[in-house]
Amino acid sequence: MTKIEVACFNEQSALIAAKEGADRIELCENYAEGGLTPEKETLKKLKAGFSTPVFTMIRPRGGGFQYTDAEFETMKTELTALKEAGADGFVFGFLTPDNEVDMVKNKALVELAGGLPCTFHRAFDRIKDKEEALEDVINCGFATILTSGGEHPAMEGLSKLKLIQEQADGRITILVGGGVRSSNVGELKKYFGFVHSACITDGTENIDAEELKAIKTVINN
């Protein structure tokens, strides 16, 4: 059965996602910036209210995925605080100036997570050589890669996604995201066991509960 992770940009959306049966929540803030590190207090409230696993974004700003030493220290501090607040996993990704996997920074943060699973987010889609990048991400110790296959929406990258999945060969979970909706998840579930959607349909950063219900209906049938 295909599972769904829902990207939630505020507390209310996360509560709705959990109520409607999301298998996992990616908690972040600021949809306009593509998702930034959430507040520790938000995570604490959610963890007190439901049992759905919550992975938290670790990203101090929007823009590219090359970070200064000072930003890297901020991210380590954020991860530690969110770990103490009950995060079930983390979502991040560091690239080199050449848009390749930054092995040193990624490994350091995976190690800091202390065994909690980590997702390499869609910074992966900025990388040209995805075959090499996949091996690098696996070697950094990530449990999951969130990717659209380098295209948007993910349906446009379906052929590349299939190749990535084949190469991964069960060594890492391929989490398909990027325009995943009830209108196309039926095709995606044929090939992938985990999909990612914000379930946003109105241009705000709030989840559309009916869209999540519709996605779940397609997945379950």
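## A briefing on the pocket, the rings and the cysteines

The largest pocket in this structure has a volume of about 550 Å³. Please keep in mind that this is a predicted model. Beyond the pocket, there is a good deal to look at among the aromatic rings, with eight aromatic pairs in the structure, while the disulfide count comes to zero. The points below take these topics in turn.

**The largest pocket**

- The lining of the largest pocket is made up of 25 residues.
- Which residues lie nearest the centre of the largest pocket? They are F9, G34, R122, L146 and H196.
- Sorted by character, the lining of the largest pocket has ten nonpolar, nine polar and six charged residues.

**Aromatic pairs and their cluster**

- Eight aromatic pairs are found in the structure, and one of them joins F120 to F124.
- F120 and F124 meet edge-to-face, with 6.5 Å from centre to centre and 85° between the planes.
- Are F120 and F124 buried or exposed? F120 has a relative accessibility of 0%, so this residue counts as buried, and F124 is also buried, with a relative accessible area of 0%.
- F120 has a second partner in F142: the ring centres are 5.2 Å apart and the planes stand at 85°, so this pair too is edge-to-face.
- The pair of F120 and F142 links distant parts of the chain, as the two residues are 22 residues apart. F120 belongs to strand β5 (residues 118–120), whereas F142 is in the loop between α5 (130–140) and β6 (144–147).
- F142 counts as buried because its relative accessibility is 5%, which is under the 20% cut-off.
- If you would like to see the wider group on screen, select Y67, F72, F92, F94, F120, F124 and F142, which form one aromatic cluster.

**Charges over rings**

- F72, one of the cluster members, has the charged end of K105 sitting over its ring, 5.6 Å from the ring centre.
- Which ring does the charged end of K162 sit over? That ring is the one of Y191, and the charged end of K162 is 4.0 Å from its centre.

**Cysteines**

- How many disulfides are there in the model? The count is zero.
- C140 is in no disulfide: the nearest cysteine sulfur is that of C118, 10 Å away. A disulfide needs the two sulfur atoms within 2.5 Å, so a separation of 10 Å rules this pairing out.
- C140 is buried, and its relative accessible area is 5%.
- C199 is likewise in no disulfide, and the nearest cysteine sulfur, that of C8, is 7.9 Å away.
- C199 is buried as well, with a relative accessible area of 0%.

**Two positions to find along the chain**

- A32 is located in the loop between β2 (24–27) and α2 (40–49). With a relative accessible area of 75%, A32 is exposed.
- How many residues separate A32 and G203 in sequence? They are 171 residues apart in sequence, and their C-alpha atoms are 9.9 Å apart in space.
- V176 is part of strand β7 (residues 173–177). At 0% relative accessibility, V176 counts as buried.
- V176 and T74 are 102 residues apart along the chain, and 28 Å separates their C-alpha atoms.

Notes
Residues numbered from 1 in each chain as written. Predicted model: local features only at pLDDT ≥ 70, side-chain atom pairs only at ≥ 80, totals over all residues. Heavy atoms only, no water. Phe/Tyr/Trp six-rings, centres within 6.5 Å; stacked < 30°, edge-to-face > 60°. Buried < 20%, exposed > 50% of the residue type's maximum accessible area, 1.4 Å probe, protein only. Helix = DSSP H or I, 4+ residues; strand = E, 2+ residues; numbered from the N terminus. Lys NZ or Arg CZ within 6 Å of the ring centre and 35° of its normal. 1 Å grid on protein atoms, 1.4 Å probe; cavity = no way out; pocket = protein on both sides within 12 Å on 5 of 7 lines; lining within 4 Å. Points joined across faces, edges and corners; volume = space filled by probe spheres on them. Nonpolar A, V, L, I, M, F, W, Y, C, P; charged D, E, K, R; others polar.
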